[in-house]
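Please walk through this model, starting from one residue and working outward to the whole chain.

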Amino acid sequence: MKNSGYTIPELVIVAVFLGIVSFFMVSKASYAFATPEDEFKKIELILKKSASVYAEKNKESIIAEKSKYVLANDLIEAGYLADEEKYKGIKMKIDYKEETDSFSVKIIR
């Protein structure tokens, strides 16, 4: 009697392979459907992180002024941000909060 069909290990291997391939396809396809709002949120996050690092390095001057306006161009020149056209000209306000001894960054459009 001839058995035709696949064994369970063969089926498991194929299922795992298809799962891995579909994972990479879905993760790559998700970038194709990103909206402009998603892109701006990423840019905003990068700008806020860079401005926060800038604020920590220049803590004394910002504390003395309580707040400071900074352009993304300034962060690029100081080496806190990559030199990309999408960042240029964006203005940020860095505020110092005494009660928490921290900085908050607000993007001004």
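Ser50 is buried, at a relative accessible area of 9%. The model is a predicted one. Helix H2 holds this serine. Leaving aside residues up to four places away in sequence, Ser50 touches Leu75, Tyr80 and Leu81.

The next residue to consider is Ala51, also part of helix H2. Its relative accessible area is 0%, so Ala51 counts as buried, the cut-off being under 20%. Again not counting residues up to four places away in sequence, Ala51 touches Leu75, Met92, Ile94 and Val105. Ala51 and Lys93 are 42 residues apart along the chain, yet 8.9 Å separates their C-alpha atoms.

**The nonpolar core**

Which residues touch the most other members of the largest nonpolar core? They are Leu47, Met92 and Ile94, in a core of 19 residues. Two or more core residues come from each of helix H2 (36–57), helix H4 (72–78), strand S2 (91–97) and strand S3 (102–108). H2 gives the largest share, five residues. In soluble globular proteins, nonpolar side chains tend to be buried together.

Leu47 has a long list of partners. Beyond residues up to four places away in sequence, Leu47 touches Ala72, Leu75, Leu81, Tyr87, Ile90, Met92 and Ile107. Leu75 is one of the residues touched by Leu47, and Leu75 is also among the contacts of Ser50 and of Ala51. Leu81 is touched by Leu47 and by Ser50. Met92 is touched by Leu47 and by Ala51.

**Two loop residues with positive phi**

Most residues other than glycine have a negative phi. Two residues here depart from that pattern. Lys66 has a phi near 70°, and Asp101 has a phi of about 50°. Neither Lys66 nor Asp101 is a glycine. Their places and accessibilities are set out below.

| Residue | Phi | Loop | Relative accessible area |
|---|---|---|---|
| Lys66 | near 70° | between H3 (59–65) and S1 (67–71) | 39%, partly exposed |
| Asp101 | about 50° | between S2 and S3 | 41%, partly exposed |

Lys66 thus sits in the loop that joins helix H3 to strand S1. Asp101 sits in the loop between S2 and S3, and those two strands each give two or more residues to the core.

**The chain as a whole**

What pattern does the chain follow along the sequence? The order is α-α-α-β-α-β-β. That makes four helices and three strands. The radius of gyration is 25 Å, well over the 13 Å that the globule rule gives for 109 residues, so the chain is more spread out than a compact globule. The C-alpha trace spans about 90 × 30 × 20 Å along its principal axes.

How much of the chain counts as buried? The share is 18% of the 109 residues. The accessible surface comes to about 8400 Å², and carbon and sulfur atoms account for 60% of it. Among contacts between residues at least 6 apart in sequence, 49% join residues at least 24 apart.

Charge comes last. The chain carries 17 positive and 17 negative side chains. The centres of these two sets lie 4 Å apart.

Conventions
Residues are numbered from 1 along each chain as its sequence is written. This is a predicted model: local features need pLDDT of at least 70, side-chain atom pairs count only at pLDDT 80 or more; totals for chains, interfaces and linings use all residues. Side-chain values use heavy atoms; hydrogens and water are left out. The radius of gyration is taken over C-alpha atoms; the globule rule is 2.2 Å times the number of residues to the power 0.38. Buried means under 20% relative accessible area, exposed over 50%, partly exposed in between (1.4 Å probe, protein chains only). Contact means heavy atoms within 4.5 Å. Accessible areas come from the Shrake-Rupley method with a 1.4 Å probe; for residues, only the protein chains shown count as cover. Lys and Arg count as positive and Asp and Glu as negative; His and the chain ends are not counted. The place of a charge is taken as NZ of Lys, CZ of Arg, CG of Asp or CD of Glu. A nonpolar core is a set of buried Ala, Val, Leu, Ile, Met, Phe, Trp, Tyr and Cys residues joined through side-chain atoms within 4.5 Å.
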